[in-house]
Amino acid sequence: MLTLSEDILTKTIRTRPDNSYKGTYGRIVLVGGNANFGGAIIMASTAAVYAGAGLVTTGTDTSNLSSLHANLPETMFVNYYDKVKLSQLVSDATTVVVGPGLGEDFHSEEVLATVLANTNADQTVIIDGSAITLLAAHKIDTPAGNLIYTPHEMEWQRLSGIKIGEQTVEANQVVQKQFNATIVLKKHHSEIYTKTDTYQLPIGTPAQATGGMGDTLAGMIGGFTAQFENQQNAVLAAVYTHSAIAEELAQSQYVVLPHQISQALPSFMKRYAN
Ligand SMILES: NC(=O)C1=CN([C@@H]2O[C@H](COP(=O)(O)OP(=O)(O)OC[C@H]3O[C@@H](n4cnc5c(N)ncnc54)[C@H](O)[C@@H]3O)[C@@H](O)[C@H]2O)[C@@H](O)CC1
Ligand SMILES: Nc1ncnc2c1ncn2[C@@H]1O[C@H](COP(=O)(O)OP(=O)(O)O)[C@@H](O)[C@H]1O
Ligand SMILES: [Mg+2]
């Protein structure tokens with residue numbers, strides 16, 4: 001197993017060309033946030049915007065609209081029950097994030113099926129939170145394309161069938177190959193299973209153990225893959241950045257709040273851009 005290091009940041013984070021515009025940095029759609037878990041998709045969308053994604057749209061329950069825009073006026077909104085609009089948005093996107101706070105009921109399942117049915121092989125699709133739990137429990141076709149699953153250990157148990165105590169690197173690699181996808185297995189010192197290599201994140205702190213921390217990571221992976229060309233490095237750099245910022249904040253804070261990671265992103269990324 002390789003150890004992920006700070007080098008991945010300078011390898012990935014690029015100085016922006018003068019002659020670029022919002023379209024240069026990806027069109028990302030984030031779908032999730034039912035009436036109970038609106039905060040999850042707001043945190044994911046915030047992370048995508050602050051990571052620098054060019055054009056961001058949030059597909060969520062209409063009850064989340066005013067808090068979404070009060071927190072994040074940069075994002076656009078679609079009612080995720082509007083199948084026609086959601087399908088169009090997803091098929092026009094470069095990058096899709098689905099699952100933060102989506103929930104697990106029949107309506108959540110319908111939204112997930114609509115999203116996955118409209119993705120295509122040219123896109124990067126990040127599958128997080130409830131979307132992973134739903135895929136483990138129901139037969140929903142997964143699309144072609146560059147798929148990135150971001151389970152915590154229990155979500156990985158549900159999806160892979162490997163019990164938490166038995167999630168060895170070897171066992172995880174076997175299932176990763178069957179999925180033909182990237183797996184970001186989140187825990188203390190997360191593991192990233194790409195199509196070619198396995199990495200361990202050597203940093204990270206229990207100050208990150210707070211609800212919404214993974215929703216934020218999903219949005220960051222979306223923001224990084226939307227704008228940086230090498231998709232594998234973009235995932236690795238997002239995972240590293242997430243915990244590197246948390247460690248910096250944890251030097252003077254007992255707990256790090258997910259939205260603080262997002263707020264720190266623009267200045268942190270500027271330090272590594274080249
Ligand atoms: N403010 C919000 O709206 C929030 C919404 N959330 C959403 O809530 C939905 C359910 O996600 P949850 O993860 O809370 O619930 P889950 O039921 O999917 O997972 C939690 C269960 O997994 C177990 N577990 C074992 N190892 C773990 C590990 N390494 N990390 C985390 N849990 C581990 C826990 O003990 C618990 O029983 C997701 O869609 C998520 O995005 C959460 O992110 C919390 C914040
Ligand atoms: N003790 C810890 N050390 C390092 N990282 C942690 C720790 N606890 C949680 N994290 C990180 O916080 C995130 C939690 O993700 P997740 O469980 O999906 O949260 P949520 O769904 O509430 O947003 C992961 O990136 C995980 O690696
Ligand atoms: Mg989560």
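In strand β9, Ile-192 is the bridge partner of Val-184. The two strands concerned, β8 and β9, run antiparallel and are joined by 3 bridges. The model described here is predicted. In the loop between β8 and β9 (191-193) lies His-189, a residue with a positive phi of about 60 degrees although it is not a glycine. His-189 counts as partly exposed, because 13 other C-beta atoms lie within 10 Å and the partly exposed class falls between the limits of 12 or fewer for exposed and 20 or more for buried.

**The sheet**

Strands β8 and β9 belong to an open sheet of 10 strands with mixed pairing, in the order β1-β10-β9-β8-β7-β6-β5-β2-β3-β4. The edges are formed by β1 (2-3) and β4 (76-79); each has a single partner strand, so one side of each is left without a neighbour in the sheet. Strands of a sheet pair through backbone hydrogen bonds, in either the parallel or the antiparallel sense.

Strand β5 (residues 95-98) has partners on two sides. With strand β2 (residues 27-31), β5 pairs in the parallel sense over 4 bridges, and Ile-28 stands opposite Thr-95 of β5. With strand β6 (residues 124-128), β5 likewise pairs in the parallel sense over 4 bridges, and the bridge partner of Val-98 in β6 is Ile-127. Between β5 and β6 the chain passes through helix α5 (residues 106-117), and this β-α-β crossover is right-handed.

In a regular strand the side chains alternate between the two faces of the sheet. Both faces of β5 are covered: Thr-95 and Val-97 on one side, and Val-96 and Val-98 on the other, are all buried. Beyond this strand, Gly-101 occupies the loop between β5 and α5. Gly-101 is buried, with 27 other C-beta atoms within 10 Å.

Thr-57 lies in strand β3 (residues 55-60). Thr-57 counts as buried because 21 C-beta neighbours lie inside 10 Å. Its C-alpha atom is 11 Å from that of Leu-72, a residue 15 positions apart from Thr-57 in sequence.

**Helix α2**

Helix α2 (residues 38-51) has 14 residues, which at 1.5 Å a residue should span 20 Å; the end C-alpha atoms are 20 Å apart, in agreement with that expectation. Of the 14 residues of α2, 14 are buried, so the helix is largely enclosed by the rest of the structure. Just after α2, Gly-52 takes a positive phi of about 110 degrees.

**A second non-glycine residue with positive phi**

Most residues other than glycine have a negative phi. Asn-180, like His-189, has a positive value, in this case near 50 degrees. Asn-180 is located in the loop between α8 (169-179) and β8 (182-185). Asn-180 is exposed, with 10 other C-beta atoms within 10 Å.

**The two ligands**

Ligand 1 is surrounded by 19 residues, of which Gly-39, Gly-129, His-152, Met-154 and Gly-211 come nearest. The elements giving two or more residues to this shell are α2, α6 (129-137), α7 (153-160) and α9.

Around ligand 2 there are 17 residues, the closest being Lys-186, Gly-204, Ala-209, Met-213 and Gly-214. Helix α9 (residues 213-227) supplies the largest share of this shell, with 4 residues. The composition of both shells by class is set out below.

| Shell | Nonpolar | Polar | Charged |
|---|---|---|---|
| Ligand 1 | 5 residues | 10 residues | 4 residues |
| Ligand 2 | 4 residues | 10 residues | 3 residues |

**Database annotation**

An unreviewed UniProt entry lists residues 5-272 as "domain: YjeF C-terminal". In the model, the end C-alpha atoms of residues 5-272 lie 13 Å apart, and the span is 47% helix and 15% strand. UniProt (unreviewed entry) also places the feature "binding site" at Ala-40, Gly-101, His-152 and Asp-215. Of these annotated positions, His-152 is among the residues that come nearest to ligand 1, and Gly-101 is the buried residue described above in the loop between β5 and α5.

Conventions
Residues numbered from 1 in each chain as written. Chains lettered and ligands numbered in written order. Predicted model: local features only at pLDDT ≥ 70, side-chain atom pairs only at ≥ 80, totals over all residues. Expected span 1.5 Å × (residues − 1). Near = placed C-beta within 6 Å. Nonpolar A, V, L, I, M, F, W, Y, C, P; charged D, E, K, R; others polar. UniProt positions renumbered as here; feature names shortened; annotations may be inferred. Pairing = 2+ DSSP bridges. Right-handed = clockwise from strand over helix to strand, strands pointing away.
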